[in-house]
Amino acid sequence: MPLFRDTAHSFLNAIIRAESPDIPALLQKGLTEDTVWDIAHPIGQLKGREAVLKGFLEPLRAALAHCRRRDEIFIGGPNRRDEGGEWVASVTHYVGTFHAPLCGITPSQRLAFLRAGEFYRIEDGRISKARIIIDLPDLMRQSGGLPFPGTLGTEMLFPGPATHDGVLPPQDQGDGEASLDLVERMLGALHVFDPETFGSKAQTGSEGTWHEDMLWYGPGGIGSNYRWEGFVKDHRESFLNAFPDRKGGNHYCRIGDGNYAAVSGWPSMTMTHQSDYLGMPATNKALTLRVMDFYRCADGRIMENWVLLDYGDLFAQMGADIFKA
């Protein structure tokens, strides 16, 4: 098992809960001096340890009292894309009592689970680069706000994998390269779709990449759904109607680890906003979308898919500030 995966996991769980006097030493040990973190809108890019602390870690710790991580997936491996390097990727929840504003979101004074997708590049045991999507629209929903006028699927807490083995998977669990191969085969066929059925070749059926009982867990505003027909009804149909020319797959990172794989693009998609989406009338603007996907595979099929999308950034491009009170 790659040591860098375990080292990163230990650091990330320690830094979010550390006592203030211990933070500088932890940051020096866990982050390169010139580390660069790109975080979902409205936080943006942070350069250097101090910027990461002041721009992300401190506001998060201040907003969620007694904050801690609750990791659902934490995997690592060599990056198959041209950028290369050793990367870890995680689906986690930042858990605490939401008692102070975060990015303009009014606190609920109650328990909150702020879900996040994270990719980290590791160099000599330290994080040199990070890409993070925190699901702020879902945090708003938990506080009683309505970032979008209605939702599509079932809004719910992201569950961990059904097999409960997604955090630092054991070496003998499965073939990470084969898991990533399966995901890449699915992605390659997903680009072309039938505009009436919204189907794509090689997705379902005896030759398909998805299991018939697939589960798709989506971000705030989309929600989660069950089986291919649920995925089409609660996400794909409305998305492709709104963005019929969308092109994806512009990924900086693709890794596999055991029965898991993860891919991300910053941005991944380019598209034009051509009809109503989540209550936003067509703007006819050219847009980009930051995407993170995490997959669990079994018996040659994709069983579960966790999806993080930076919808704060997407709607800002449309001209809407969804976090404005």
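What covers the buried residues of helix 7? View 4 gives the reply: the cover includes helix 6, strand 10, strand 11 and strand 12.

This is a predicted model, in which local features need pLDDT of at least 70, side-chain atom pairs count only at pLDDT 80 or more, and totals for chains, interfaces and linings use all residues. Residues are numbered from 1 along each chain as its sequence is written, and side-chain values use heavy atoms, with hydrogens and water left out.

**View 1. The whole chain, with 7 helices and 12 strands.** Helices (H or I, at least four residues) and strands (E, at least two) are DSSP runs, numbered from the N terminus. The radius of gyration, taken over C-alpha atoms, is 19 Å; the globule rule (2.2 Å times the number of residues to the power 0.38) gives 20 Å for 325 residues, so the chain is as compact as a globular protein of that length. The C-alpha trace spans about 60 × 50 × 30 Å along its principal axes. Buried residues make up 54% of the 325. Buried means under 20% relative accessible area, exposed over 50%, partly exposed in between (1.4 Å probe, protein chains only). Take contacts (heavy atoms within 4.5 Å) between residues at least 6 apart in sequence: 66% join residues at least 24 apart.

**View 2. Strand 5 and its two antiparallel neighbours, strand 4 and strand 6.** Two strands pair if DSSP finds at least two bridges between them. Strand 4 (residues 86–98) is joined to strand 5 (residues 111–123) by 12 bridges. Here Glu-86 has Ile-122 as its bridge partner. On strand 6 (residues 126–134), joined to strand 5 by 8 bridges, Ile-127 stands opposite Ile-122. The hairpin of strands 5 and 6 has 2 residues between the strands, and Asp-124 takes a positive phi near 50° there. Of the 13 residues of strand 5, 11 are buried, so the strand is largely enclosed by the rest of the structure.

**View 3. The open sheet of 6 strands, in the order 8-7-12-11-10-9.** Its pairing is mixed. Strand 8 and strand 9 (253–257) are the edges, and each pairs on one side only. Strand 7 (residues 210–217) runs parallel to strand 12 (residues 301–309), with 4 bridges. One partner pair there is Trp-210 and Ile-302. Strand 7 runs antiparallel to strand 8 (residues 225–226), with 2 bridges; Leu-215 stands opposite Tyr-226. Strand 11 (residues 286–298) and strand 12 are antiparallel and share 8 bridges. Phe-294 stands opposite Trp-306.

**View 4. Helix 7 (residues 311–318) and its cover.** In this helix 6 of the 8 residues are buried, so it is largely enclosed by the rest of the structure. The buried residues are Tyr-311, Gly-312, Asp-313, Leu-314, Phe-315 and Met-318. Their cover includes helix 6 (227–242) and strand 10 (260–272), along with strands 11 and 12. Just after the helix, Gly-319 takes a positive phi of about 100°.

**View 5. The largest nonpolar core, of 80 residues.** A nonpolar core is a set of buried Ala, Val, Leu, Ile, Met, Phe, Trp, Tyr and Cys residues joined through side-chain atoms within 4.5 Å. Trp-37, Phe-56, Tyr-94, Tyr-120, Tyr-311 and Phe-315 touch the most other members. Leaving out residues up to four places away in sequence, Trp-37 touches residues including Leu-31, Val-52, Phe-56, Tyr-120 and Ile-132. A second, separate core has 20 residues, among them Ile-73, Val-91, Phe-119 and Ile-133.
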